[in-house]
Amino acid sequence: MAEGMGVGAAVRRREDERLLKGRGRFTGDIALVGMKDIALVRSPLAHARIRAIRVPPEHQGAVFTWADLAKGGVKPIRAVSGLPGFKISDQPPLADGKVRFVGEPVAACVGRTRAEAEDIAALVEIDFEELPVNADTLESARAPKSKIHDHWSDNLFLEADTVVGDIETIAASAPIKVSRQIRMARQCMVPLEGKGVVAVWERQAEQLTVHTSTQMPHIVRQGLAECLGVDQGLIRVIAPDVGGGFGWKGLLQAEEVIAAWLARALDHPVRWTEDRREHLVAAANAREHRYDITAYADATGRLLGLDARVLVDAGAYSAYPFSACLEVGQVGSILPGPYDFAHYRCHAVSVCTNKPPIVPYRGVARTGVCFAIEQIMDAIAGAVGREPHEVRLLNLVPPEKMPFVNVTKKHFDSGDYPESMRRAVAAIDLAGIRKRQKKGEADGRRIGLGLAIYCEQAGHGTAVYHGWGIPMVPGHELAQARITPDGGIEIRVGLQSHGQSMETTLAQVAHQVLGVDISKIKVVHGDTGLTPFSTGTWGSRAAVMGGGAVAAACKVLVERATKIGAHLLQAKPGDAKFENGFVRAGLGHVPLAEIARVWYRAPQLLPSDVDPGGLDVTAGYKPKSDQGTFSYASHAVVVAVDTETGAVEILDYVVVEDAGVMLNPMVVEGQVLGGIAQGIGTALYEEVPFDAEGQPLASTFADYLVPGFPEIPPIRIVHMTTPSPLTEFGQKGIGEGGAIAPPAAICNAINDALKPLGATLTDTPMSPKRVFAAIAAAVPPVGGPTNGRRVTPLGVHSHDDSLAAGNKP
Amino acid sequence: MKNLALGVNGKKIAASVEPRTHLGDFLREQQLLTATHLGCEHGVCGACTVLLDGRPVRSCITLAVACEGGQVTTLEGLVNDPVMIELREAFAAEHGLQCGFCTPGMLVSARDLVLRKPAADDRAVRIEMSGNLCRCTGYGGIVRAIRRVLDARKKTKT
Amino acid sequence: MKPVDFDYERPATLDAALKLLGREDLNAKPLAGSQSLGPMLNLRLVQPELLVDITAIPELASIREEKGFLVLGACVTHAALEDGGTPDPTRGVLARVAAGIAYRAVRNRGTVGGSLAHADPAADWVSVLAALGADVVVARTGGRRTVPAKDFIRGTFETALGPGELVVEIRIPALSANARWGYAKICRKAGEFSHATGVVLIDPARKFARAVIGAVSGPPIVVDDAKIAERDPGEAWVSALFAGTPLGDDAYQIRIHHVALKRAIAEARAP
């Protein structure tokens, strides 16, 4: 029975029945008596002082500004960091005298319908005094046009240096030096469901109930209590069905504070629903990184050292709870990737700009980091005249060195990175592709093969997070397991499942321990009123942390049930054992349902020394080391580039991934495929460009291209399974991984295709226009590999763009 | 406000609507039929796709008043539809959904495809379905699910 | 994203519709399939006081053949043309083009007349109807006139329609049996608006040879020259054509428009 439903089984999802019949319940589906809609007046300017806000007299009482919220005791959102030098930015949920990005909420308008609320919003007039705009990352860092936060000395949230070994000596002596300037564009996360909030003051319960489309209900509750200045006990946060998150729903949002305050102040339910234009404008908040990166290697391609200057465009505020330091802090520590080398220097800066505040998007800093280091690995291969996979194999941490502590003290727990690369190369048929390249394509396009490999720290624990001093440090993950009086199982977790299938996978975990049919196991999640505290679903942590916690709680249930069962079987506890939902001793056995009946309804039959906590357990879990698990994957892709138009088509895509032990392979594959599709979006399609005035130039899906069915190719997945030695079942976090490598792999493939032309791309998205520009700017190569001299990118940057200028080493 | 008479999931409905109310809002807010989701409100994402007189349409850019006299069918009205029963089974088997937000529109479009283009190959499936965006699955599971239904129907016919 | 408040009428006759559209005291706009207007309304980029729904007017929904012409009512949907089953003297042009417009759910409601009147230079019909030498018949209370499709779009979202005028039908000349055509558009995604469109039609029996470059910053560029339509004139020719226009300095735009034209020419030449 266990093998059919437990850990490792491709069990069908419990979620599907309701979702396939349209019976899910998303935030926007909640209708409450007397509910009114909120529409926000958002700033049309990227940087301006507010001189006055004028509300038509007939709408006084329906329009609220920061003055109203402040009078009501609301405090700004403040996500601090304990890192030295971090500058604090207060983010008032409605602008306080100044706006700092286009789309920032300025006033909240309440109407009977959203249409009516928008009518009112259209009548609110704001008198602005325009300020110089810092739209460009480099410029805001180096030559700011104005101060975004008046009390700061510059526009930098944080500068962080990581220095290991002696890069200067390596630089002076290494035979190979390659450099790249690399840029990852700003984009949106685009869950199909926008954010949404329905807030109501429940008079009878004296409780503010906030239904919100969030990945982290307990953290939203914490943040709301801080901003509203009330006890957490006054607030219940419920995340119903949530239509995708990818990070965008992993924050305390200004709109949540606004709606929560209004519900109580107005004493009627209110709703705010993020529409797509609001999302594309005010949530253009992910990914924007710039790298100036140099690698040193020996003549065989062995990596000797890495030197990088990195700018992360963090936007105008420090978003709660991850702050404006998380991404930049990660960059410094994970840029070395899965490689083994000794000398490393990284200067990483979190730059404040007049754009929406950065929020960690699936893959977080890893997508940018992988994009940078995997381009550099290809550059080394080019410089030494070897195949890109050969150079990688030379530098990857080998399995015999596992567990391995890398140059930035990351603890790689397990795996065979080189084998994953070898399998990817075999599966994509590198030899066949090289032959085909020599022959040429009948249609005149050029084909190219690209590789990328990464390892992904996931399920980060306390040790990783406490150093950042941000408002959220994960500790023990809690789960509650309860046997109902009829022998069913209820699992309660403070995580939130928004597509990750936890109602299924966590039931599989409970089944694995308890043996109860999963149809009788109910997983409750996403409600602070019903579940133990959790920091929520982020950082690819749910399978490791939630899976571990559910197993821990179920194991306590087994202990307690076994003791009661032994007593009922008149056996000594030591002579009884728990198996597939039964306690057995000698020839006798008693089912869980009977044990439950006795505990709840016939306590006179219990042993006198029974644990009074009974069949209701809350247990906590931390992996053996909380340095996180390291899943990893090699991506291999073949593209065809139309050199006339710059169009890129993906012809084949292979991923070889190692998620450790998979709780549910079907779900793991779904996560991998979905992540890759998003990564392809990052690579080829998605960008919110900003003009010099900080105006976003892609505010509808006509301009912001989300890949659809034809743009995502069939993807082949090859599994490797190296159990993590740190976790309950050997599982590793996998939720984000798919989104990490596609930009790097696709970029390398395009560059491979264009190599004979001497064109190199370094920026996302690799749109036809960028490919065209790179080809137009190309200088065809002369002769062989370039040993011992700087290989400059031939892409679209000019050299005065270099991050080196005016930047500290 | 305008008076509006139309059929919704086989029932005659008489309602009073603001002319500016689009069909998606009318279904969700006034009829409490919340299977129909709004993902972009400018006709690109496909989450709001419903049937109007048997053909898929974007409910977010179709005015409710313009459906006077028409027959609207939402996913709720297709629970017992034979093709939909096959599609639901296939979507569950092939992991054709994760968060489920795009799913109602996806199913309505897929049903139309199965009936209108029974011979579609995978490439044709991808082109025909290109008006429905999914951000979770990477589309692979959905293509496999539709393939499964197309193949099964071919078999039963031959 | 909800529209401003407006009034709505759904007249059953063309005269009634034209009367409403001719009102000078309010901003009235015609509404057909709402597939272009709908997004503009939701984004409040268009803020009418009255929408006149013209889809209940039978004559605007008809397709008929008439003395060497196919006459499409303004409210004929893209899907109707995609699915065929109606006479097609254009030798497959209409079905082919219709099938590539946006997505099926949009094609089910979107109309040929609406697409023209919306006047997005990237819209397929704008270029294709110009290439086919079609005429647009527009009506207002008390009169009708005919505007060649190639002159109908005046600029981005600008048309030849005067106050109170409505597109009522599109008259497409039948192609001769040996006419050849080609059509190519360059998009980044399926269903997306075109970034560059090329259309050619060579109909020697009618002494008609036309090349059209569409999805430019204004009206499509129409060239009546058999030499161009028959043989790729080269990128320099397109570059010269674009000189002085907003796209004139954009090498990428010149490139993709040339490629679209070249592909259309190649298709027309193919046996």
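**Note on cysteines, a buried histidine and the interface of chains A and C**

1. Taken over all chains, the structure holds zero disulfides. A disulfide is a covalent bond between the sulfur atoms of two cysteines. The model is a predicted one, and the points below should be read with that in mind.

2. Cys67(B) is a clear case of an unpaired cysteine, because the closest cysteine sulfur, which belongs to Cys48(B), is 12 Å from its own sulfur and so too far for a bond. The residue Cys67(B) is also buried, having a relative accessible area of 1%.

3. Cys136(B) deserves a more careful look, since the nearest cysteine sulfur, that of Cys99(B), is 3.8 Å away, and yet Cys136(B) is in no disulfide. For a pair to count as a disulfide, the two sulfur atoms have to be within 2.5 Å. Is Cys136(B) buried or exposed? With a relative accessible area of 5%, Cys136(B) is buried.

4. In chain A, His347(A) sits in strand S17, which covers residues 343-352. This histidine is buried, its relative accessible area being 1%, and its side chain is joined to that of Asp161(A) by a polar contact of 2.6 Å.

5. Turning to the interface, 18 residues of chain C are in contact with 26 residues of chain A. Between them the two chains, C and A, bury about 1,900 Å², and 55% of this area is on carbon and sulfur atoms. Which residues of chain C lose the most area to chain A? They are Met1(C), Arg188(C) and Tyr252(C), which together account for 36% of what the chain C side buries.

6. How many salt bridges are there between chain C and chain A? The count is five, and one example can be examined directly in the model, where the side chains of Glu118(A) and Arg44(C) meet in a salt bridge with an N to O distance of 3.8 Å. There are also twelve residue pairs in polar contact between chain C and chain A, counting pairs in which both residues are at pLDDT 80 or more.

7. On the side of chain C that touches chain A, the largest share of residues, namely seven, comes from helix H11 of chain C, which spans residues 251-269. When the residues on this side of chain C are sorted by character, nine are nonpolar, nine are charged and none is polar.

Notes
Residues numbered from 1 in each chain as written. Chains lettered and ligands numbered in written order. Predicted model: local features only at pLDDT ≥ 70, side-chain atom pairs only at ≥ 80, totals over all residues. Heavy atoms only, no water. Contact = heavy atoms within 4.5 Å. Buried area = accessible area lost by both parts, 1.4 Å probe. Salt bridge = Lys/Arg side-chain N within 4 Å of Asp/Glu carboxyl O. Polar contact = N/O pair within 3.5 Å; in protein donor to acceptor, adjacent residues only side chain to side chain. Helix = DSSP H or I, 4+ residues; strand = E, 2+ residues; numbered from the N terminus. Nonpolar A, V, L, I, M, F, W, Y, C, P; charged D, E, K, R; others polar. Buried < 20%, exposed > 50% of the residue type's maximum accessible area, 1.4 Å probe, protein only.
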